[in-house]
Structure formats: structure tokens, C-alpha cells
Amino acid sequence: MNRFPRPVRRILASLAVAVSAVAVLAAASHVVMPKNNQAEFGQIDASANGVMGEPANSIDVLFLGDSEAFSSFSPLQMWDEHGIASYVCATSAQRLCYTRTLLLRALENQSPRTVVLETNCIFASFGPAAAVKRTAQDIFPVFEYHDRWKSLRPEDFLGTVRHTWTDELKGFRLRKPRKVVAADATGHMAPSDAVADLPALNRLYLEDIARICREHGARLVLVSVPSTKNWSTARHNRMVQVASELGVDYHDLNTGDELVAVDWSQDTYDGGDHLNLAGAQKASAAVGRMLSERYAAPDRRGDEAYASWDDALARYRERLAAL
């Protein structure tokens, strides 16, 4: 004789199936999750995720965004000039749902005082399906790393996840200064009352990113790097409005008092889409000064705990000299 009525038995059976499914997904996620945050272990976007290998609570400034960010912000230059310990968690074509993921990953081990979000990715649209997929991947990494079944090793079944690697350039992508494709800057940032559209879902994610920063004691700062192809007065006007509504600071390096004097005939490698090294050095100098003077980013030079940064800077200088 059954102890429970049929409706209750059905509910219990459904719960048992759900619990079993969660257990299977959790177990599979542990197996396929890279056991270290290096590309050779299968880590996706290893450069951006290299922040997880930095010593705990050693990063004072975290940069987020798409290729505009990793082409423009050089943490080692900012270290050289101001002693700022920063890291660039940027990926190509980054959407805000992934920006949120990278922010939360960094905050697991870091307590940055300032989080700089490069604004181009704020306008990159994505739909509910992409947001749901990203959430599922964050909860169950098997959805993101399912292809690793093809290269599993014994340690993937029994080993623990460790993060011991960090990118020597701290997420910056070094572009050769000799690679130049001039941009046509005619009419770039001409005065206009136009206001660019911002998708509702993007706005919700930006609000959540701002909330996460506040709850972790970090100050969110929005920055637009020089770009003739990606930035406009209409986008500038929208960012001024959104920053005011969110209660965060906004800096546009394309116009006004904060204009970076980019030479569009020399400082871009792809016709104004991204900066080359010469352009990145100008943008990094401006942002480094801003972080030091306006946001009191600590000067960590001379601190024994940051000796590895001096070593990384020496190697960075060697690479620059060899270009």
C-alpha cells in the first residue's frame, strides 16, 4: 500500500529527477572544468581570466570591456608611471552578461578599489537566450566546457581546480607600433543632440554591474577610449545620461577636456577601430593619471609584495625595445 497519494508521489518523483539531474550536471562540471586557468588546461579566455592567478587582494584597479579595452589599457605602463596594480579582464566582442561573469570571478579573490568599464561593450546587444545561456554556464561549467570531453586526463576526474597562472602583460594585447592603417576622423565627435539607443537588457545588466561594485566596495568608472569607428557624440550623450542616473563617473577620451590627442594618421592599426601601441601609450598615460590623481589609486612601487611587477616591467621594456 502506497504511503502517499498519487499527486504527492508524482511531485516527489519529479523532485528526485531534478535532484539527480543537478547532481549529474555538478559532477560533470567538475570533471570538464579546467584544473588550472591556463590555455593549455583548456581555460577559455585565459588572458582575461589570468586575474584569478594574481595574489589575493593585490589588484587595485580592474578593467573590463571588449577589444577596445585590451587594446588601450596597459597595466605595466601604469605601473611604471604611477605604481598602479591593475588588470585587464577584456575579451573580443564582450557582452555585458559576460562582463558580469568576469567581474564576479575577479571579485572571488580580489578587492579592487576601482572598476573601469570601457563603454563600447555597453552598446553590444544580446538577447534573453544569451543571458540565460551565460547564467547556465556560470552555474554548471559543463555547458561551457563540454568539448573538453575529448581531452580529459586522469587529474580532471580527481584533481581540484587551482588558479596559479597570470598573464605577464596583465591582460593587455601588445600591438606593434609600425602597423598603421590611418583613420578618417572627419566629423568625429561633431556636436549633436542625438542620443544613441541602449537596449533595455543592456541597461539592466549595467545596473547590476554597478550594484555588484557597490556591494564589494569598488567604485565603478565608465571610460570611452578613442575610436573613430566605435564612438560617437550620440553614444557620448547616452553615457552622460546613464552615468548620471547610476551615480557613477564617466570619462570620454574622445572629446572635451579629457580628449586624448590621438594622431589618427599614426595611432591606429585598423582605420580607427582600435589603437595601436602608440595610441595605447597615450590612452594609458591619460587613464593612469586619472586613476592616480582623481581616484587615489595606491602607488605600490617599492612594496616587496609587488616585486614581481618590477620583473614583469623589465621584460615588458625588453619586448618594447625589440619591436
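**Exercise 1. The packing of H4 against H11**

H4 passes H11 in a right-handed crossing; describe the geometry and the residues of this contact in the predicted model.

*Solution.* The structure is a predicted model, in which local features need pLDDT of at least 70 and side-chain atom pairs count only at pLDDT 80 or more, whereas totals for chains, interfaces and linings use all residues. Residues are numbered from 1 along each chain as its sequence is written, and side-chain values use heavy atoms, with hydrogens and water left out.

Begin with the axes: those of H4 and H11 come within 9 Å and cross at roughly 55° (lines fitted to C-alpha atoms over the stretch in contact, with angles from 0 to 180 degrees between N-to-C directions). H4 and H11 are therefore oblique to each other (under 35 degrees counts as roughly parallel, over 145 as roughly antiparallel, 65 to 115 as roughly perpendicular and the rest as oblique). A crossing is right-handed if the near helix is turned clockwise from the far one by less than a right angle, and left-handed if anticlockwise.

Next come the residues in contact (heavy atoms within 4.5 Å). From H4, Gln77, Met78, Glu81 and His82 meet Ala280, Gln281, Ser284, Ala285, Val287, Gly288, Arg289, Leu291 and Ser292 of H11. The residues of this contact of H4 with H11 divide into five nonpolar, six polar and two charged (Ala, Val, Leu, Ile, Met, Phe, Trp, Tyr, Cys and Pro are nonpolar, Asp, Glu, Lys and Arg charged, and the others, Gly among them, polar).

**Exercise 2. The surroundings of H4**

Determine why helix H4 counts as largely enclosed, and what covers its buried residues.

*Solution.* Helices (H or I, at least four residues) and strands (E, at least two) are DSSP runs numbered from the N terminus, and H4 spans residues 75-82. Six of the eight residues of H4 are buried, so the helix is largely enclosed by the rest of the structure (buried is under 20% relative accessible area, exposed over 50%, partly exposed in between, with a 1.4 Å probe and protein chains only). The buried residues in H4 are Pro75, Leu76, Gln77, Met78, Trp79 and His82. Their cover includes strands E1 (61-65) and E2 (86-90), together with helices H11 (277-294) and H12 (307-322). Just after H4, glycine 83 takes a positive phi of about 70°.

**Exercise 3. From Thr99 to the contact of H5 with H9**

Place threonine 99 in the structure, and then analyse how H5 packs against H9.

*Solution.* Threonine 99 belongs to helix H5, residues 96-107, and is buried, with a relative accessible area of 0%. Leaving aside residues up to four places away in sequence, Thr99 touches Leu64, Gln94, Leu117, Cys121 and Ile209.

The axes of H5 and H9 (residues 200-215) come within 9 Å and cross at roughly 10°, and the two helices are therefore roughly parallel to each other. Their crossing is left-handed. On the H5 side the contact involves Leu96, Cys97, Thr99, Arg100, Leu103, Leu104 and Leu107, which meet Asn202, Tyr205, Leu206, Asp208, Ile209, Arg211, Ile212 and Cys213 in H9. The residues of this contact comprise 10 nonpolar, two polar and three charged.

**Exercise 4. H9 against H10**

Describe how H9 is oriented towards H10, and sort the residues of their contact by class.

*Solution.* The axes of H9 and H10 (residues 233-246) come within 11 Å and cross at roughly 45°, and H9 and H10 are therefore oblique to each other. H9 passes H10 in a right-handed crossing. The contact is made by Arg203, Leu206 and Glu207 of H9 and by Val242, Glu245 and Leu246 of H10. By class, the contact of H9 with H10 has three nonpolar, no polar and three charged residues.

**Exercise 5. Positive phi in loops**

Compare the location and exposure of asparagine 57 and alanine 93.

*Solution.* Most residues other than glycine have a negative phi. Asparagine 57, with a positive phi near 55°, lies in the loop between helix H2 (46-49) and E1 and is partly exposed, with a relative accessible area of 48%. Alanine 93, which is not a glycine either, has a positive phi of about 50°; alanine 93 is located in the loop between E2 and H5 and is exposed, with a relative accessible area of 51%.
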